Amino acid sequence: MRHARRTARRITRLAAVGGLLCGSLLVTRAIANEPGTSAPPVPVGERLVAQLGAARTAGSWLGADGRTVVAVTDAGAAADVRRAGARAEVVRHSMRDLRSAAATLRAAPRVSGTAWSMDYGSNEVVVRADSTVSAGDWSRLAGVARTIGASVRMERTWGTFTTRVDGASPIFASGGRCSAGFDVTDGRDAFLLTAGHCGPVGTTWFARPGDATALGTTVSGTFPGNDFSLVRYDDGVPRAPSDVVAIGGGRGVRITGAADPVVGQRVFRSGSTTGLHSGRVTGLNATVNYPEGTVTGLVQTTVCAEPGDSGGPLFADGLALGLTSGGNGNCDAGGTTFFQPVAAAMTALGVRLTGTSGDDDAEAGAGSGQARPGGDVAPSAPPAGSEAGAPGGGGTGTGVGTGTNMGGATDTGDGTASGTGTGADTGPVAAISRVVSTRSVGPGLLVIGGSLIALVAARSMRSSRRGRGAW
């Protein structure tokens with residue numbers, strides 16, 4: 001009997017120790033796997049293109065089945081791509097050829113209302129001209145394309161290529177109404193990242209029309225050439241950590257990092273005029289000749305946008321991708337929208353996303369969605385969505401701050417997204433939730449707790465038996 005009790009006690013102690021080890025491992029993995037603690041992995045297509053070089057590849061994209069496709073120019077490169085688990089497509093023109101064609105187009109006389117980008121799927125540089133391009137300009141541009149050869153395709157498109165500032169609507173700065181992009185920091189000050197064409201350096205922005213207190217002032221930016229600007233939040237603006245972009249209806253999507261988009265990728269855009277819409281990336285390194293000037297290095301998409309959506313965020317899978325620049329069409333008939341890549345903008349400005357790894361000061365987060373007098377939650381942008389009376393009522397912001405702790409959005413397949421909100425985002429619980437996911441850590445803590453109870457029970461049993469002389 002004594003031997004059986006000793007065996008039971010040893011088994012209990014061993015199980016408890018094993019439980020402690022397993023629970024600790026679960027907690028460690030949960031913390032290590034939290035978003036934002038490491039840079040997103042380089043997509044396999046981008047990695048293969050970089051390894052094989054511009055003379056043997058011509059871009060990569062996601063196929064309809066979600067598999068990576070890499071355009072290659074020879075059988076050896078195709079074999080390397082297949083060994084890496086991607087699908088190879090042998091094409092005639094290399095990336096070097098496509099870049100040369102684009103350089104020739106840039107060197108030609110500028111024609112407002114035209115745009116071009118590399119179409120990896122067709123292995124061509126596609127030149128589009130909107131309805132403002134005259135027959136003479138079209139003919140001259142077509143002549144340039146003929147001198148380049150078969151790597152260029154010319155297309156006419158409807159509407160006009162314009163930036164998305166709406167000077168006719170209620171304005172929040174002298175240059176017009178724009179949308180918030182992402183909250184960023186340089187480690188000291190809090191900033192809002194938005195489109196460069198929204199306003200030059202020195203532009204003063206307000207959260208709502210008629211506000212007596214300014215939201216911030218544009219301190220840096222560039223347009224044309226690129227299309228991004230940096231708005232420093234005024235010292236008087238209440239601040240709260242903000243790594244969430246609002247998508248309307250009291251919902252938001254948490255942003256955990258930044259990345260470059262991939263051709264074929266499903267993406268989402270939020271703006272103060274039209275709210276949330278989705279589409280796909282159709283081209284990279286696009287050039288657009290707006291009436292105000294030429295912008296290069298843009299992301300081309302099928303996402304719609306309208307005046308007032310400028311500067312709004314482009315994102316997918318919790319990653320910041322771009323800032324709304326301009327395009328043609330609208331959200332009734334569709335169209336093409338171009339975006340400034342956000343990673344390139346942050347690198348040029350020397351800032352990083354608020355709330356991501358490396359953020360030394362929680363107070364560096366800008367006042368996105370900070371609580372305002374009256375208890376309303378305002379987005380961290382010049383436009384305040386439905387508060388501004390903007391059509392669509394789908395205001396955008398770069399965080400929810402002290403208002404609501406938003407969950408991730410779920411793609412519903414119809415160009416919209418749904419999300420969930422939980423409780424107030426204040427106090428120590430909120431602070432912990434921004435570091436680790438309690439949902440992920442929970443199982444590990446339960447295992448650890450059960451193991452500690454088992455150890456205490458085993459020790460109590462031993463002490464009790466000693467007191468009676470049985471052990």
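**A helix and a pocket**

Let's start with helix α5, residues 135-148, in this predicted model. At 1.5 Å a residue, its 14 residues should span 20 Å, and the end C-alpha atoms are indeed 20 Å apart, so expectation and model agree.

Now look at which way the side chains of this helix point. Leu-141, Ala-142, Val-144 and Ala-145 are the buried residues of α5. Viewed down the helix axis, these buried residues fall within an arc of 155°, so they line one face of α5. A general rule helps here: an α-helix has 3.6 residues a turn, so residues three or four places apart point the same way.

What do the buried residues of α5 pack against? Their partners are α4, β4, β5 (124-129) and β6 (152-156). Turn to the face of α5 directed away from the buried side, and you will find the exposed residues Ala-135, Arg-140, Arg-146 and Thr-147. Just after the helix comes Gly-149, which has a positive phi, near 115°.

Next, let's visit a pocket. The second largest pocket has a volume of about 540 Å³. Its lining is made up of 25 residues, and those nearest the centre are Glu-46, Tyr-120, Pro-261, Leu-284 and Asn-285. By character, the lining divides into 15 nonpolar, six polar and four charged residues.

Which helices and strands each supply at least two residues of this lining? They are the helices α2 (44-52) and α4 (95-107), together with the strands β1 (57-62), β4 (114-119), β17 (275-290) and β18 (293-301). You have met α4 and β4 already: the buried residues of α5 pack against them.

Notes
Residues are numbered from 1 along each chain as its sequence is written. This is a predicted model: local features need pLDDT of at least 70, side-chain atom pairs count only at pLDDT 80 or more; totals for chains, interfaces and linings use all residues. Side-chain values use heavy atoms; hydrogens and water are left out. On a 1 Å grid over the protein atoms alone, a cavity is a set of points where a 1.4 Å probe fits but cannot get out, and a pocket is an open set with protein on both sides within 12 Å along at least five of seven lines; lining residues have an atom within 4 Å of a point. Grid points are joined across faces, edges and corners, and a volume is the space filled by probe spheres set on the points. Helices (H or I, at least four residues) and strands (E, at least two) are DSSP runs, numbered from the N terminus. Ala, Val, Leu, Ile, Met, Phe, Trp, Tyr, Cys and Pro count as nonpolar, Asp, Glu, Lys and Arg as charged, and the others, Gly among them, as polar. The expected span of a helix is 1.5 Å times one less than its number of residues. Buried means under 20% relative accessible area, exposed over 50%, partly exposed in between (1.4 Å probe, protein chains only). The arc is that of the directions from the helix axis to the C-beta atoms. Contact means heavy atoms within 4.5 Å.
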